[in-house]
Amino acid sequence: MRGMEETVPEELDVPPAHGEEEHLSLALANSAIALPGGHTVDLLGTPARANRWLTERGLAPVDIGMREMCATQLRSMREQVRSLFASRAGGSPPSPPRSPPSTTR
């Protein structure tokens, strides 16, 4: 279950965590931001936001026509990267990956 999501203003300027510029996997893991009061900001929450996030890091051209299915897969990959980081930090083996979201039309 997702927490409450905030509307992200276009001018939201979140400083990168140490190491994000060198390690895009860290930037991906940090693309959902916890705010006070149990709110979160998801920088990949919509196809447009996901496209902007990728473009800002030189990973995709501007206006690639990101679809919700692709944004969902990117958010799923973020959760898998987070799981890997958490298992590494905790000294435990990573959990097996969950099945990807259904992509049937």
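**Entry 1: S31**

I began with S31, which counts as buried because its relative accessibility is 0%, and the cut-off for burial is under 20% relative accessible area. I am reading all of this from a predicted model. I then looked up where S31 sits, and found its place in the loop between α1 and β2. Its side chain makes a polar contact with the side chain of R78, at 3.0 Å. When I left aside the neighbours within four places in sequence, S31 was in contact with V41, D42, L43, L44, W53 and R78. R78 also appears among the buried residues of α3, so I noted that this polar pair joins S31, buried at 0% relative accessibility, to a buried residue of that helix.

**Entry 2: the chain as a whole**

I next wanted the order of the elements, and I read the pattern β-α-β-β-α-α along the sequence of the protein chain, which has three helices and three strands. The chain has 105 residues, of which 25% count as buried. Its accessible surface comes to about 7,500 Å², and carbon and sulfur atoms account for 57% of that area. For contacts between residues at least 6 apart in sequence, I noted that 53% join residues at least 24 apart.

**Entry 3: the hairpin**

Which strands run antiparallel and are joined by three bridges? I found that they are β2, residues 32-34, and β3, residues 39-42. I looked up I33 in particular, and its bridge partner in β3 is V41. The two strands form a hairpin with four residues between them, and in the turn G37 has a positive phi of about 80°.

**Entry 4: α2 and W53**

In α2, which spans residues 47-56, I listed P47, R49, A50, N51, W53 and L54 as buried. These buried residues pack against α1, β3 and α3. I followed W53 further and, not counting residues up to four places away in sequence, found that it touches L24, A27, L28, S31, L43, L44 and L59. The contact with S31 ties this entry back to the loop residue with which I began.

T55 also lies in helix α2, but it is partly exposed, with a relative accessible area of 24%. Leaving aside its neighbours within four places in sequence, I found T55 in contact with A60, P61 and V62. Just after the helix, G58 takes a positive phi of about 70°.

**Entry 5: α3**

I then turned to α3, which runs over residues 68-90 and has 23 residues. From its first C-alpha to its last it reaches 33 Å, close to the 33 Å expected at 1.5 Å a residue. Its buried residues are A71, L74, R75, R78, V81 and S87, and what covers them includes α1 (24-29), β2, β3 and α2.

T72 has its place in this helix as well, and it counts as partly exposed, at 24% relative accessibility. The C-alpha atoms of T72 and P47 are separated by 8.4 Å, although the two residues are 25 apart along the chain. After the helix comes G91, whose phi is positive, near 75°.

**Entry 6: the nonpolar core**

Which residues make up the largest nonpolar core? I counted 12 residues in all, namely A27, L28, A29, L44, A50, W53, L54, A60, M66, A71, L74 and V81. The elements that give two or more residues to this core are α1, α2 and α3. W53, which belongs to the core, touches A27, L28 and L44 among other residues, and A60, another core member, is one of the contacts of T55.

**Entry 7: D63**

I closed with D63, whose place is in the loop between α2 and α3. Is D63 buried or exposed? It is exposed, because its relative accessible area is 69% and the cut-off for exposed is over 50%. I also looked up its backbone, and D63 has a positive phi of about 55° although it is not a glycine. I kept the value in the notebook because most residues other than glycine have a negative phi.

Terms used. Residues are numbered from 1 along each chain as its sequence is written. Side-chain values use heavy atoms; hydrogens and water are left out. Two strands pair if DSSP finds at least two bridges between them. The expected span of a helix is 1.5 Å times one less than its number of residues. Buried means under 20% relative accessible area, exposed over 50%, partly exposed in between (1.4 Å probe, protein chains only). Contact means heavy atoms within 4.5 Å. Accessible areas come from the Shrake-Rupley method with a 1.4 Å probe; for residues, only the protein chains shown count as cover. A nonpolar core is a set of buried Ala, Val, Leu, Ile, Met, Phe, Trp, Tyr and Cys residues joined through side-chain atoms within 4.5 Å. A polar contact is a pair of N or O atoms within 3.5 Å; within protein, one must be able to donate a hydrogen and the other to accept it, and residues adjacent in sequence count only if both atoms are side-chain atoms.
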